[in-house]
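Student: Could you take me through one part of this model up close, and then follow the charges and helices outward from there? I'd like one connected walk rather than a list.

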Amino acid sequence: MESGTGTNTSPGKLTGTQKWTAGAIVAAALVLAGIGLYLSFEHVAVFAFEQLRFESLGKGQLFAVGVDVGIMIMIAVDLLMAWLKRPISWIRYPVWLLTSATVVLNAASGAPHGAWKLLDYVAAGAHGVVPILFITVVELGRTAIDRIVRSDRDERDSIPWLRWVLAPVATARIFRRMRLWGVVSYPEMIRRDQDLIAYEQWLKRKYEGDISKASEDELLPMKMAPYGYTVAQALAMPDEQEQAAQEREEEAERRRLDAETRSEVAKSKAESERLRAKGEVETVRAEVDGQTGQARAHARAQVSAAERAAELEEQALDNAVIAEARTREAEAARKEAQEREAEAEANLRTAELERQAAEKRKLAAEADRVAAAEAQAVETQTIAEARKAAAEADRVAAETERAAAETRRATAEANRKKAEEDRRQEAALADTARSHKDAAKAERAAAEARLAAAEIEQRAVEIEDAARLTPRERAVRKVARMALAAGAVFVGLNADEMHRELCRVVSIADVQRECDVSSTDTASKYRQEAVALIADGYRPQQ
């Protein structure tokens, strides 16, 4: 005989008739609850005042109200949580406990003062009927709500009451196993017991009644039955365990291979990182060596340039000596030209005097001619002609003398202009010689400065080699040396003023050219770091 509840689930939604029926049931339950509360309240309040030593009937009534309200609150919460599919399983036990206390108090309120009679027992039981009925209705409602809102949940079968009557011990064992193993179907539990009994009988027939001869695997169904295993599950357990063990071994092997693979990958990565780091170190070392060699070559080039400048300076000094000799020669030529100019001026004055004398002779000749004209009447024609011829000769001689004087004056003027031109040329030669001499002195000073700078640069490179500075530190120190060599003054300046002073003497292009960088941002950072380095007291060794 199967359960009366069954395991089939009901439809998810209620029909109209079912809803009206449910509403009527709820209304009847509320009426029952009201009747129970009324009867329980009256009986419990009077019993609490008279028998439980409450000081007044009002306090007894408060006690009854507190118990009934507490029961109703817990019942309402239980039903609400069941409706929300979040049932609280333990809340029913306090409800049962308080309801039991209410039943006891109601039954005690009907107890007689003397000896008990049969009717007294009936009266005491009648006082507890309504609370028991109410809590039963509540449990029915809770179960109904749970089955409606959780329709997909398997419903637990109940064991037929006739089995409890006919085989109470065996039925109790079945009930215990169903609860322990979570079996909700009563027929399933019966089938398991039948399979186990049939298997045990088969073993007895196989081994002629002595099942101790059976193997460990064959005895598994009897050994595992107390733990909820079916016969099929128990017999399949060795294969499942072997398969699980094999899977564990395969999983362990896979993890081991994965670990080896990860180890190899890690080793390969570590080796590649080591080689990469070694390559970077070699690259940096080569870069440092290249920059060091470049700095040394630059220093040697500066030293060679300084030596070449010294040679050029010596040649300039020789040229200056030659120029000075030429200057002295030009001075002598200038004096000679001045003497020639003075002589030309004397000749010019002489020619002027002769011209004046010629003029005077001309006047005298004119006077003689006038006198001759006046005396023409008394002179003879021969004398007149002679005088005329003499006068003409004097005139021609005077003209000739005047032409000669003019020629001498023009010659003297030309000599004077030539002397002035010679003097200007000699002055220009002297200025050129002086400028060559000054340029040679400046070139010599510049060569000495370059030589000193080259020596300082070479010593700085040697110091940086000894200190094993990075290429960036070398570049920053080089920029600082460039600024100091250019005559920048940083004493008494703050950081901004020092930066402006360095930017004044060292441009971005200078830093790019000397430090062999293409980025203007890098060159600017080099200048900023050089300012900080100088502010910290850096000075190249002299």
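Tutor: Glu 208 sits in the loop that links helix 7 (186-206) to helix 8 (220-224). Keep in mind that this is a predicted model. The backbone does something worth a look here: phi of Glu 208 is near 55°, a positive value in a residue that isn't glycine. Buried or exposed, then, is Glu 208? With a relative accessibility of 72%, Glu 208 counts as exposed, because the cut-off for that is over 50%.

There's a parallel case further along the chain. Asp 516 is in the loop between helix 13 (508-515) and helix 14 (520-535), and Asp 516 isn't a glycine either, yet has a positive phi of about 60°. Asp 516 counts as exposed too, at 58% relative accessibility. A glycine with a positive phi turns up as well: Gly 487, just after helix 11, takes a value of about 90°.

Now for the charges. Side chains of opposite charge can pair when their charged atoms come close. The count comes to 23 salt bridges, taking a side-chain nitrogen of Lys or Arg within 4 Å of a carboxyl oxygen of Asp or Glu. One of them joins Lys 223 to Glu 216, with the closest N and O atoms 2.5 Å apart. Lys 223 is partly exposed at 40% relative accessible area, while Glu 216 is exposed at 52%.

Over in helix 9, Glu 253 pairs with Arg 256, and their closest N and O atoms are 2.2 Å apart. Why do these two line up? An α-helix has 3.6 residues a turn, so residues three or four places apart point the same way. Glu 253 and Arg 256 are three residues apart in helix 9, so about one helical turn separates them. Both partners are partly exposed: Glu 253 has a relative accessibility of 34% and Arg 256 has 38%.

The bridge between Arg 513 and Glu 514 has its closest N and O atoms 3.8 Å apart. Arg 513 is exposed, at 54%, and Glu 514 is partly exposed, at 24%. Bridges can also share partners, and that is how Glu 188, Arg 191, Arg 192 and Asp 195 are joined into one network.

Then there are acidic residues that gather without a salt bridge: Asp 217, Asp 239, Glu 240 and Glu 242 make a patch of negative charge on the surface. Asp 239 belongs to helix 9 (residues 231-374), and with a relative accessible area of 54% Asp 239 is exposed.

Two more helices round off the walk. Helix 1 (residues 16-50) has 35 residues and reaches 51 Å from its first C-alpha to its last, close to the 51 Å expected at 1.5 Å a residue. Its buried residues include Leu 32, Gly 36, Ser 40, Val 44 and Phe 47. Helix 11 (residues 471-485) has 15 residues, which should span 21 Å at 1.5 Å a residue, and its end C-alpha atoms are indeed 21 Å apart. Look at what is buried in helix 11: among the residues are Val 476, Val 479 and Met 482, but also Arg 474, Lys 478 and Arg 481.

Notes:
Residues numbered from 1 in each chain as written. Predicted model: local features only at pLDDT ≥ 70, side-chain atom pairs only at ≥ 80, totals over all residues. Heavy atoms only, no water. Helix = DSSP H or I, 4+ residues; strand = E, 2+ residues; numbered from the N terminus. Expected span 1.5 Å × (residues − 1). Buried < 20%, exposed > 50% of the residue type's maximum accessible area, 1.4 Å probe, protein only. Patch = residues over 30% accessible without salt bridge, like charges linked within 9 Å, V, L, I, M, F, W, Y side chains within 5 Å. Areas by Shrake-Rupley, 256 points an atom, 1.4 Å probe, with all protein chains shown as cover. Lys, Arg positive; Asp, Glu negative; His and termini not counted. Charge placed at Lys NZ, Arg CZ, Asp CG, Glu CD.
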